[in-house]
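Visitor: I am new to this structure and would like a close look at a single part. Please take me slowly through one chain, and then through the places where it belongs to something beyond itself.

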Amino acid sequence: MRTIEAKTISEKICEMAKDANYNLNSEMINSFKIAREKEDSDLAKEILSQLIENAEIASDDQIPICQDTGFGVVFLEIGNDVHIKGDIYKAVNEGIRRGYKEGYLRKSIVEDPIKRINTNDNTPAVIHTKFVSGDKLKITFAPKGGGSENMSKIKMLKPADGVEGIKKFVIKTIKEAGANPCPPIIVGVGIGGTFEKVAYLAKKALIRDINDSHPDKHIANLEKELLTEINELGIGPQGFGGKTTALAVKIEKFPCHIASLPVAVNINCHANRHKEIII
Amino acid sequence: MKLKTPLTQKDIESLKSGDKVKLSGIIYTARDAAHAKLIELINQKKELPIPLEGQVIYYVGPAPAKPGEVIGAAGPTTSYRMDPYTPQLFKKGLKAVIGKGQRSKKVKKSMIKNKSIYLGAVGGAGALLAKCIKSSEIVAYPELGAEAIRKLEVVDMPLIVINDIYGNDIYEQE
């Protein structure tokens, strides 16, 4: 049994909150550069250049890439042989509280969805926990902006709708989202499970490496087909037209009921912020 | 094209959807909560905390300024959430709004009718756009935090005309 102090978790989350908001992952910058090469329109090229310049300024000045520094979404993979000394949920929230204050990050959370009074420290986080084998703790911090989250959708399809039904729903969701989620976007798709599970899968899909493919061939093919069809929509960077509407489509699946075919589409903006560490 | 606030009728008439502009001068910030408050005042026929005639509203909730900085990251928020409020503000003389994403049919009609325009800033380029902001002062609703109304002085803010007064929309062009 290995002991991890709760305060260590707070310290790590505090640093990750700043890091995720200031420093765009290098694979995202590379994907902007590749997209810029492919674009014909000057406006599309210019927008991608602005996104690259923006990432450079944010990193040099250590300021957020985007003013919407997001809802703190945290994935914890806890090894069975790890003992957390202290309250893990309190520790995560304390890390967010400190990171958002020290890092001059925007506080975007309201305490009650109806009364809408800001909590002023960006807590609470949305925390997903999973137990795994081993004696390590893996933390993924993925601050999620409101603009792209608002364009996300879920639908309970019929099994008869099949793969064509899935594609139709995903494409319709992206088309309706248009310029709102800050394209070029990353599309996370959940397929299967139950109503709540499928939304989780779509979110989980967003934290995958931008360049990977699903290990199952038929799902990997579906990711490719959807990416091609989404980019044929011509929405383009910022919705001003172009070839790059999405940079990647990531699908996660789970077994489902004989009566069901749940599908969820969780859209992320071009920043696709997420950082992970292993303690 | 360079543009300076407050905007004149001539400025507005000369702009077409797809034009790139560099905006300088005073602009005001407002997003969801501030819009609700402004509309409430208009409905009660009370005085507003900011002028609207010829003015520009930027849909932004900036990140806090680091010590020594004017403002934190300050990119546009999604505009459709302001759709229920915008026509009333155009009617009161507001000449332009800055945001990102499509507007409702009602807002677009109101732009033609009131001769007001909709400008786009690059969503997610908050660090870059902050560089164009030379001063920032909260002028109303400080209790709203990031959603307070701020008076900003901007220099050469890079924008694109999304909707002009002639019914053109950059998002609907083939």
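Guide: What follows is a walk through chain B, from its overall build to its unusual residues, its contact with chain A and the core.

Please keep in mind from the start that this is a predicted model. Chain B contains five helices and seven strands, and, read from the N terminus, its elements follow the order β-α-β-α-β-α-β-α-β-α-β-β. The radius of gyration of chain B is 15 Å, close to the 16 Å that the globule rule gives for 174 residues, so chain B is as compact as a globular protein of that length. Taken along the principal axes, the C-alpha atoms of chain B fill a box of roughly 45 × 40 × 25 Å. Of the 174 residues in chain B, 47% are buried, and among the contacts in chain B with a separation of 6 or more, 62% are between residues 24 or more positions apart.

With that outline in place, some single residues of chain B deserve attention. Between strand S1 (2–4) and helix H1 (9–14) of chain B lies the loop that holds Pro6(B), and the peptide bond that joins Thr5(B) to Pro6(B) is cis, with an omega of about -5°. Another proline, Pro51(B), sits in the loop between helix H2 (32–43) and strand S3 (56–58) of chain B; Pro51(B) has 13 other C-beta atoms within 10 Å and is therefore partly exposed. From Pro51(B) to Met82(B) there are 31 residues along the chain, and their C-alpha atoms are separated by 18 Å. Further on, in strand S7 (residues 149–163) of chain B, you will find Asp156(B), which has a positive phi of about 50° although it is not a glycine. Asp156(B) has 13 C-beta neighbours inside 10 Å, and so it counts as partly exposed.

Chain A offers counterparts to these details. Gln238(A), which is not a glycine, has a positive phi of about 65°, and its place is in the loop between helix H8 (217–231) and strand S8 (246–256) of chain A. Gln238(A) counts as buried, because it has 31 C-beta neighbours inside 10 Å. The peptide bond from Thr123(A) to Pro124(A) is cis, with omega near 0°, and Pro124(A) is placed in the loop between helix H4 (88–102) and strand S4 (126–132) of chain A.

Turning to where the chains meet, the contact takes 33 residues from chain B and 33 residues from chain A. On the side of chain B that touches chain A, the largest share, four residues, comes from helix H5 (residues 126–130) of chain B, and the residues of that side divide into 17 nonpolar, 13 polar and three charged.

The last stop is the largest nonpolar core, which has 120 residues; Ile13(A), Ala17(A), Val187(A), Val189(A), Ile98(B) and Ile117(B) are the ones that touch the most other members. This core draws at least three residues from each of domain 1 (2–20 + 65–144) and domain 2 (147–272) of chain A. As an example of the surroundings of one such residue, and leaving aside neighbours within four places in sequence, Ile13(A) is in contact with Val92(A), Gly95(A), Ile96(A), Gly99(A), Ile139(A) and Phe141(A). In soluble globular proteins, nonpolar side chains tend to be buried together.

Key:
Residues are numbered from 1 along each chain as its sequence is written. Chains are lettered from A and ligands numbered from 1 in the order in which they are written. This is a predicted model: local features need pLDDT of at least 70, side-chain atom pairs count only at pLDDT 80 or more; totals for chains, interfaces and linings use all residues. Two residues are in contact if their C-beta atoms, placed from the backbone, lie within 7 Å. Helices (H or I, at least four residues) and strands (E, at least two) are DSSP runs, numbered from the N terminus. Ala, Val, Leu, Ile, Met, Phe, Trp, Tyr, Cys and Pro count as nonpolar, Asp, Glu, Lys and Arg as charged, and the others, Gly among them, as polar. A nonpolar core is a set of buried Ala, Val, Leu, Ile, Met, Phe, Trp, Tyr and Cys residues joined through C-beta atoms within 7 Å. A residue is buried if 20 or more other C-beta atoms lie within 10 Å of its own, exposed if 12 or fewer, and partly exposed in between; C-beta atoms are placed from the backbone. Domain bounds come from an automatic or database domain assignment. The radius of gyration is taken over C-alpha atoms; the globule rule is 2.2 Å times the number of residues to the power 0.38.
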